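Open the model in your viewer and keep the sequence panel visible. Each stop below says what to select and what is there.

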Amino acid sequence: MISPLLANIVLNKLDWRLEQAGYRFVRYADDFVVVCKTKTQAQAALELVAEVMTELGLSLSPEKTKIASYGKGYDFLGFRLSSKSRTMRAKSLEKFKTKIREITRRCNNLDARVIEKLNQVIRGTANYFAPEFSTCIKLFQKLDKWIRMRVRCMKFKRKLTYDNYRLKMRHFDKKLGLLKLLDFTGTSMSKTQA
C-alpha cells in the first residue's frame, strides 16, 4: 500500500498508457476501474495494466484484480456498483455496524456524548454513501431502525418491543437530536416510523 499522493505520481504513466490505448477508466489513488464493452477488450486491458505495473516495479493485488460485468456488479471505493444498485458493499456495511455497536454498548449510559459520537458516524457515512447516484434508501431505512433499537437497548439495558412505545420516534429527533441516515438522501421517505 502506497500513499495516495505517491500513487498519483507513480500511476500517471498508467493513465497515459490507458488513454493512448483508448480505454475509459476511473482512478482514485491506487484503486481503479477500466471500462470495456467486451470481455476480450477487458482481458486486453488487464494485460496492458499488468505490463505497465511490472514496468513500474509494482504488482496487481490478486484479490482485488478481476474482470467483472456491470450487470453482476463489482466493489469500488466502498460501494457495490451494478446495473441494479449502487449501495454500500458488505465490508463497508459491517465496518459501519461495528462502529455503532462500539458506541451503543448496553454497559454504557445514554448521554449527550453518545449521541454526538453516533451523529459523527452517521453523518460521515451518509455524506459518503448518499450521493445522487446512490440507491441506499431501503438500506438506510433498515439501518436507522437498527440504530434506534440499539439506543433503546442502551437506555433500558434490555431488548423489548415494548420499549418502542416508551422511547418514541419523535424523542430521537427532538429531544436527543439523533440524526438519521435517511435524512441525507433528500427523500420524502425520511418520515418513517420505528
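The tour goes from the whole chain to a helix, then to charged pairs, and ends with confidence.

**Whole chain**

Start with everything shown as cartoon. This is a predicted model. The protein has 8 helices and 5 strands. Trace the elements from the N terminus: they run α-α-β-β-α-β-β-β-α-α-α-α-α.

Now switch on the surface. About 12,800 Å² is exposed, and carbon and sulfur atoms supply 52% of that area. Of the 194 residues, 31% count as buried. Turn to the contacts with a separation of 6 or more: residues 24 or more positions apart account for 56% of them.

**Helix α5**

Select residues 112-129, which form helix α5. How far apart are the end C-alpha atoms of this helix? They are 25 Å apart. At 1.5 Å a residue, its 18 residues should span 26 Å, so the two values agree.

Step back to D111. This residue caps the N-terminal end of α5. Look for its side-chain oxygen, 3.2 Å from the backbone nitrogen of R113.

Next, show side chains along the helix. Which residues of α5 are buried? Pick out V114, I115, L118, N119, V121, I122, T125, A126 and F129. N119 and T125 are on that buried list alongside F129.

**Salt bridges**

Hide the surface and show charged side chains. Side chains of opposite charge can pair when their charged atoms come close. The structure holds 8 salt bridges.

Select E55 and K13. Their side chains meet in a salt bridge, 3.1 Å from N to O. E55 lies in helix α3 (residues 39-55) and K13 in helix α2 (residues 12-20), so the pair ties together parts that are 42 residues apart in sequence. Check the exposure of each partner. E55 is partly exposed, with a relative accessible area of 43%. K13 is partly exposed too, at 31%.

Keep E55 and add R17. These side chains also meet in a salt bridge, again 3.1 Å from N to O. R17 is in helix α2 and E55 in helix α3, with their positions 38 residues apart in sequence; the pair links distant parts of the chain.

Move to K64 and D31. What joins the side chains of K64 and D31? A salt bridge, 3.6 Å from N to O. K64 lies in the loop between α3 and β3 (74-76), while D31 lies in strand β2 (residues 31-35), so this pair ties together parts that are 33 residues apart in sequence. K64 counts as exposed, at 56% relative accessibility. D31 counts as partly exposed, at 23%.

Return to the earlier helices and add E51. Salt bridges that share partners join K13, R17, E51 and E55 into one network.

**Confidence**

Finally, color by pLDDT. The mean for the protein is 88, and 89% of its residues reach 70 or more. Which elements have the lowest and the highest mean pLDDT? Helix α7 (residues 163-166) has the lowest, 63, and helix α4 (residues 90-103) the highest, 97.

Last stop: residues 188-194. Here pLDDT stays under 50. The model has 15 contacts beyond four places in sequence for this stretch. Where pLDDT is low, the predicted coordinates should not be read in detail.

Conventions
Residues numbered from 1 in each chain as written. Predicted model: local features only at pLDDT ≥ 70, side-chain atom pairs only at ≥ 80, totals over all residues. Heavy atoms only, no water. Salt bridge = Lys/Arg side-chain N within 4 Å of Asp/Glu carboxyl O. Helix = DSSP H or I, 4+ residues; strand = E, 2+ residues; numbered from the N terminus. Buried < 20%, exposed > 50% of the residue type's maximum accessible area, 1.4 Å probe, protein only. Contact = heavy atoms within 4.5 Å. Areas by Shrake-Rupley, 256 points an atom, 1.4 Å probe, with all protein chains shown as cover. Expected span 1.5 Å × (residues − 1). Polar contact = N/O pair within 3.5 Å; in protein donor to acceptor, adjacent residues only side chain to side chain. pLDDT = per-residue confidence, 0-100.
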